Every structure is written in structure tokens, then in C-alpha cells.
Amino acid sequence: MSETVEIRNLTAEDYFDLRESMVSAYPDMMGSYWGEATIQRLIRLFPEGQIAVTVNDKVVGCALAIIVDYDKFGDNHTYEQITGYYTFNTHNPKGDILYGIEVFVHPDYRGKRLARRLYDARKNLCEQLNLEGIVAGGRIPNYEKYADKLTPREYIEKVQDKEIYDPTLTFQFSNDFTVKKVLKNYLPNDEASKGFATLLQWFNIYYEKDSDTIRYNKSTVRIGLVQWQMRDYGGLDAFLQQVEFFIDAVSDYGSDFVVFPELFNAPLMAEFNQLDPAGAIRGVAKYTERIREKFQEHAVSYNVNIISGSMPIVIDEVLYNISYLCRRDGTYEHYIKIHPTPGEVYAWGIKGGSEIKVFDTDCGKVGIQICYDVEFPEPSRILAQQGMQILFVPFMTDTQHAYNRVRFCAQARAVENECYVAIAGSVGNLPKVNNMDLQYAQSCVLTPSDFAFPVTGVKAESTPNTEMVVVADVDLVLLKELHAFGSVQTLKDIRNDLYEVVQKPDAK
């Protein structure tokens with residue numbers, strides 16, 4: 001006979017099926033079952049938190065829960081305290097934690113993964129209610145077999161290492177719960193657990209503390225990359241017109257970011273071609289502040305965050321390669337290229353910056369690295385440790401070999417740091433500008449490599465060496481899922497006990 005399984009909310013009419021399953025589930029705790037009045041009180045207080053699993057319309061298991069303001073209890077509490085001595089007056093609809101007070105399945109129906117369905121339903125509820133996580137006290141019923149030779153901590157470690165099987169704790173570990181603490185006298189009558197319990201927690205990776213919907217960070221972010229054509233614009237005004245054209249075009253697609261390439265203002269160096277390369281680039285650096293001001297204006301008027309590519313700038317007589325994040329709220333921040341190439345140092349005398357930082361935006365946390373920077377894995381890892389979700393890489397390369405160095409390293413950064421990487425470059429040539437010969441680029445948006453992402457790790461890419469824009473959507477929620485449930489978890493599994501990547505505190 002086929003069986004029909006359903007997950008639904010518990011009702012008062014389910015009580016007698018529920019009691020039969022509960023008594024059968026706890027043969028070692030005779031008389032320990034919930035009374036009908038207690039179950040009805042729970043259903044009245046928090047109906048969506050009381051979840052039943054049925055087989056052929058018979059209730060054979062359940063998961064009961066309340067919401068608590070966890071700070072009022074902390075980690076040192078007993079079952080009686082957290083439940084208000086079984087009155088559940090501790091339930092607070094405005095609390096932050098879903099507290100599990102019961103899960104069981106009738107022994108005749110075990111082996112059908114019904115408990116996993118109950119746990120999945122409870123996790124879904126936690127996410128829907130935007131609660132920080134699930135906390136529960138867990139029995140360790142097999143501990144009585146080892147109590148004479150193992151402490152509770154040693155027992156838990158052996159269960160976690162799969163040296164010992166515990167029907168409750170092993171299941172909790174397989175459902176992504178972690179042990180926060182060992183509780184003593186949590187359930188004093190639990191003789192099998194010798195009065196001990198594990199305080200378990202599951203974290204809701206979708207939890208958002210700030211519920212301000214107007215400023216709420218987007219989960220799907222649209223990125224527009226400008227593959228810029230190097231050409232003689234005849235002056236700053238015409239150059240700025242072309243800049244605005246691309247910002248306008250990309251914003252028309254509803255983009256959240258527009259990204260320009262590295263040193264995309266190099267055509268303006270033609271005005272200074274009578275100077276040596278170092279003098280010419282310092283000459284064009286005088287336009288950087290004005291261009292940045294225009295980017296600020298356009299970010300607000302076109303409602304798009306702008307990664308300004310990069311431009312030369314002189315600060316205290318020192319030449320740097322700088323990029324700006326111009327937010328659509330009118331604010332801006334900057335990033336200075338850390339690793340100038342040997343050519344930049346030799347021809348122009350560019351110096352490297354010394355700050356590695358993540359920028360907050362209305363579309364998540366982003367980082368910026370300029371071209372050669374992305375070929376060094378350590379700064380990207382530091383950005384990832386700071387919560388970076390999208391890495392923007394303006395670049396400028398003259399040959400396909402140079403381009404491939406940037407492209408392959410950018411793809412590696414996406415995989416190892418579990419983030420998106422967007423690279424934007426220039427194409428064409430500048431015959432009237434010394435030291436700026438040919439340009440080669442294929443701009444693209446790169447992703448981590450796992451089932452939720454394109455199998456190639458490429459979300460979108462341009463036609464090589466063609467002036468155009470690339471528009472692509474990236475889903476930040478997929479990154480959260482990757483960090484928690486990915487096939488491999490490179491951020492989580494790093495051997496910090498063996499090595500670590502840190503920024504020196506006095507680097508600046």
C-alpha cells in the first residue's frame with residue numbers, strides 16, 4: 001500500500017494521534033508527554049510554529065517551537081526556564097530566535113526521513129519570519145553507555161568525529177546544527193543523558209537585522225560593464241560626453257553598477273604628447289578631480305553606482321593610479337592601485353597604495369582592485385574576510401597574454417573567495433599617445449564554480465576587442481547558500497591553524 005506524507009501545521013484535533021506517537025517515541029521517559037491543554041495553548045500562542053508530519057493522514061511526529069528574546073535567557077538556562085515552566089509565557093512574537101522545544105517521530109515510521117522534513121519546515125519558518133536562527137536543547141541518549149569513561153565534551157567530540165553514534169546528536173549534526181555549550185541539569189529526569197544536554201544552534205544565513213525596506217540591500221544586483229574604445233576625443237568635453245552616453249545607456253537597463261576600465265582617460269594624454277611619458281601622465285592627472293565630480297553628478301542623476309575605472313592622480317607630489325566608487329546617494333570613496341606594473345613604474349613613476357578595504361553600498365559589500373592587483377591572491381582574501389560579495393577589476397592590457405593573466409587570476413579569485421568578479425577593459429589604439437599602443441580586452445562577469453552558477457564560471461562576457469556594454473544579473477543570495485552549503489567551502493575550510501593571510505596593522 002502506498003503512503004502519503006504531508007507536512008502541515010498541528011491542530012487541536014490531532015492530539016490523540018500525537019500522544020500515541022509521543023509515548024512510543026520516549027519509552028525510556030515513561031509519563032513524559034504533553035497534555036492536551038498544553039498543546040492547545042501552544043497552538044493558540046504560535047500556530048505556525050507547531051508543525052506535524054502525517055502518514056496517510058495520521059500524525060506520526062511533530063516539531064514544536066516558540067519565539068524567544070534570547071538575550072533575556074542567554075546560554076545558561078534550563079528547559080523549565082526557557083518554556084516559562086511549561087506555560088510558554090516566554091513566547092515573544094518580536095523575539096529573535098526560534099526555540100525548538102520538541103521534535104519526535106513514532107518509532108514505527110522512522111527510516112523515512114520524516115524528522116528531516118520537520119527540520120526543513122522549521123528552517124523555512126525561521127527564514128520566513130526573519131529570525132536569527134534556531135536554538136534547542138538536545139538530548140544525548142547514548143551517553144549512558146559511555147558516562148563512566150567519557151566526559152560529556154569528549155562524548156560530543158567523538159559523535160562529531162563519527163566515532164560514536166548518538167540517535168539525537170548525530171542527526172542534529174547532519175542538519176547543520178552546531179553545539180554552543182554543554183548544559184547540566186537541562187532535563188534532570190533524562191537518565192539516559194545523565195541530565196546533560198547540548199545547546200544547539202542553526203544560523204539563518206538569510207537573516208537581515210535591518211528591516212528598513214527602503215534601504216534594504218538588494219539580493220539580485222545588475223552590473224553593467226563598459227568595454228571602452230580608445231580613440232582621440234579632441235578634448236575633455238567630448239570625452240565627458242562619451243562617458244555620460246555609456247552611463248545613460250547602462251542605467252536605462254536598470255543597472256545598479258556601471259564599471260569603466262583602467263586608465264580609460266588615456267586619450268586625453270594626446271594634449272601632452274610633447275612631454276616625456278612621465279610628464280604626459282602627470283599632465284592628464286590634472287583632469288582627474290573634474291572627471292570624478294562628473295561621475296558623482298551622474299551617479300545621482302542616473303541613479304547608478306559608478307566604479308570610475310581608474311585615472312592618474314598626484315597627491316603630495318606622488319603619482320598614483322586611483323579608482324573611485326561614486327554612490328548614487330552622492331557619496332564617494334577611493335581605492336589606490338597597490339601593485340603598479342613594472343611598466344607603470346618605469347615609464348611613469350607610479351607608486352603603489354597601501355589600503356585594502358571593502359566598501360558598503362546599497363547592493364552589498366564590494367571591493368575594487370585595479371588590473372595587476374588581481375594577480376595577487378592575498379589582498380582579495382583579505383577583502384573576502386571583510387565580507388566582500390562583488391570584486392570590481394578595471395583593467396588595461398595590450399596583448400592577449402596580458403589579458404589572460406588578468407582573466408585567469410580574476411576567475412581564480414571568484415572561486416577561492418566565493419564571490420563575483422567583474423572585469424572591464426579597453427579596446428582599440430591611440431596612435432597619437434606615446435606608450436599607449438594597442439589595447440586588448442574581453443570584459444566579463446565571473447562567478448564561483450558550483451551547481452547554482454554557470455558551469456563555465458562565466459555569467460556574461462563581451463565580444464573581444466569590440467566597443468560595447470555587458471549587462472548581467474548576479475544573485476547575492478546564491479553566495480550565502482554557497483558559503484553555507486557549497487560542494488566545497490574555501491572560505492570556511494581554510495587551515496587557519498596552519499597559515500593565515502592578514503593585513504599588517506601599520507601598513508598604511
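## A buried isoleucine in strand β3

A residue counts as buried when its relative accessible area is under 20%. With that cut-off in hand, let's look at I66 in this predicted model. I66 has a relative accessible area of 1%, so it is buried.

I66 sits in strand β3, which covers residues 58-68. Which residues surround I66, once its neighbours within four places in sequence are set aside? The contacts of I66 are L42, F46, I82, F88, T90, H91, I97, L98, Y99 and I101.

## Two domains

Stepping back, the chain splits into domain 1, residues 5-203, and domain 2, residues 220-485. Their C-alpha centres are 51 Å apart.

A single pair of residues gives another distance to check in your viewer: I66 and P312 are 246 residues apart along the chain, and their C-alpha atoms are separated by 59 Å.

## A helix pair

Next come helix α7 (residues 236-252) and helix α9 (residues 288-301), whose axes come within 11 Å and cross at roughly 30°. Angles under 35 degrees count as roughly parallel, and that crossing angle therefore makes α7 roughly parallel to α9. The crossing of α7 past α9 is right-handed.

Which residues make the contact between α7 and α9? From α7 come L236, D237, F239, L240, V243, E244 and I247, while α9 supplies R290, I291, K294, F295 and H298.

## The six-stranded sheet

Now for an open sheet of six strands, ordered β14-β15-β16-β17-β20-β21, in which the pairing is mixed. Its edge strands, each paired on one side only, are β14 (359-361) and β21 (458-461). From one strand to the next, the twist averages 20°.

Strand β16 has a partner on either hand in that order. Strand β15 (residues 364-368) runs parallel to β16 and is joined to it by three bridges, with G367 opposite L391 in β16. Five bridges link β16 (residues 390-394) to β17 (residues 420-424), again in parallel, and here I390 stands opposite Y420 in β17.

## Both faces of β16

In a regular strand, side chains alternate between the two faces of the sheet. How are the residues of β16 shared between its two sides? I390, F392 and P394 lie on one side, L391 and V393 lie on the other, and all of them are buried.

Why is β16 described as largely enclosed by the rest of the structure? Because five of its five residues are buried. L391, the residue opposite G367, is one of the buried residues of β16, and so is I390, which faces Y420 across the pairing with β17.

Key: Residues are numbered from 1 along each chain as its sequence is written. This is a predicted model: local features need pLDDT of at least 70, side-chain atom pairs count only at pLDDT 80 or more; totals for chains, interfaces and linings use all residues. Side-chain values use heavy atoms; hydrogens and water are left out. Domain bounds come from an automatic or database domain assignment. Two strands pair if DSSP finds at least two bridges between them. Helices (H or I, at least four residues) and strands (E, at least two) are DSSP runs, numbered from the N terminus. Axes are lines fitted to C-alpha atoms, for helices over the stretch in contact, and angles run from 0 to 180 degrees between N-to-C directions. Buried means under 20% relative accessible area, exposed over 50%, partly exposed in between (1.4 Å probe, protein chains only). Contact means heavy atoms within 4.5 Å. Angles under 35 degrees count as roughly parallel, over 145 as roughly antiparallel, 65 to 115 as roughly perpendicular and the rest as oblique. A crossing is left-handed if the near helix is turned anticlockwise from the far one by less than a right angle, and right-handed if clockwise.
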